[in-house]
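Dear colleague,

Please find below the structure that I would like to pass on to you. A summary of what was found in it follows.

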Amino acid sequence: MSTSIACIFYKNDKLFIAKRQNSGQMGGRWEFPGGKVEEGESFEQAIIREMHEEFNTEVTVIERIAQTEFMHNDKKCMLYAYAVAFEHDGMEIPFELTEHTEYKWVKPSEIKKLDFVDSDLKIYKPVVKYIKGLKKHEKN
């Protein structure tokens, strides 16, 4: 079974998403950035490696917020979503993209209107629930 991670970066009421390069089965679609966990690698190590490889940025792993199963090419896969914090938001200092053509910050409600990868849509509701919990905690 393949295991992947999705990085959820939430700031100023917006989520960070990235558009995959046009090649491959999910090419040209939006996603929460992340990737496969390599053999012998912890989730945290995979997150740090993937974000460095894909955006040339450092991240801090905060906590796991969701998980789901999905099928990819008739193979069962696991996806774990983690809240992360980037060293910066990629706006003043642009991220260096290697796996994506662009990135942006969107309100959670905008994700449903985009051509988003199916596996990440399976964690959408738990991500929104997590964000609502953060907002509720901020008000108290």
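The model is a predicted one. My remarks concern one strand, its partners and a helix.

Within strand E7, the bridge partner of Ile-8 is Ala-83. Ile-8 belongs to strand E1 (residues 2-8), which runs parallel to E7 and is joined to it by 7 bridges. Strand E6 (residues 59-72) also pairs with E7, in this case antiparallel and through 12 bridges. Tyr-80 of E7 has Gln-67 standing opposite. E6 and E7 make up a hairpin with 2 residues between them, and Asn-73 in the turn has a positive phi of about 50°.

How many of the 12 residues of strand E7 (residues 75-86) are buried? The count is 9, so the strand is largely enclosed by the rest of the structure.

Helix H1 (residues 43-55) has 13 residues, which should span 18 Å at 1.5 Å a residue; the C-alpha atoms at its ends are 18 Å apart, so the expected and modelled spans agree. The buried residues in H1 are Ala-46, Ile-47, Arg-49, Glu-50, Met-51, Glu-54 and Phe-55. Their cover includes E1, E6 and E7, together with strands E3 (14-20), E5 (34-36) and E8 (100-106). Asn-56 follows H1 and has a positive phi, near 50°.

When you view the model, E7 may serve as a starting point, with E1 parallel to it and E6 antiparallel to it.

With kind regards

Note on methods:
Residues are numbered from 1 along each chain as its sequence is written. This is a predicted model: local features need pLDDT of at least 70, side-chain atom pairs count only at pLDDT 80 or more; totals for chains, interfaces and linings use all residues. Side-chain values use heavy atoms; hydrogens and water are left out. Buried means under 20% relative accessible area, exposed over 50%, partly exposed in between (1.4 Å probe, protein chains only). Helices (H or I, at least four residues) and strands (E, at least two) are DSSP runs, numbered from the N terminus. Two strands pair if DSSP finds at least two bridges between them. The expected span of a helix is 1.5 Å times one less than its number of residues. Contact means heavy atoms within 4.5 Å.
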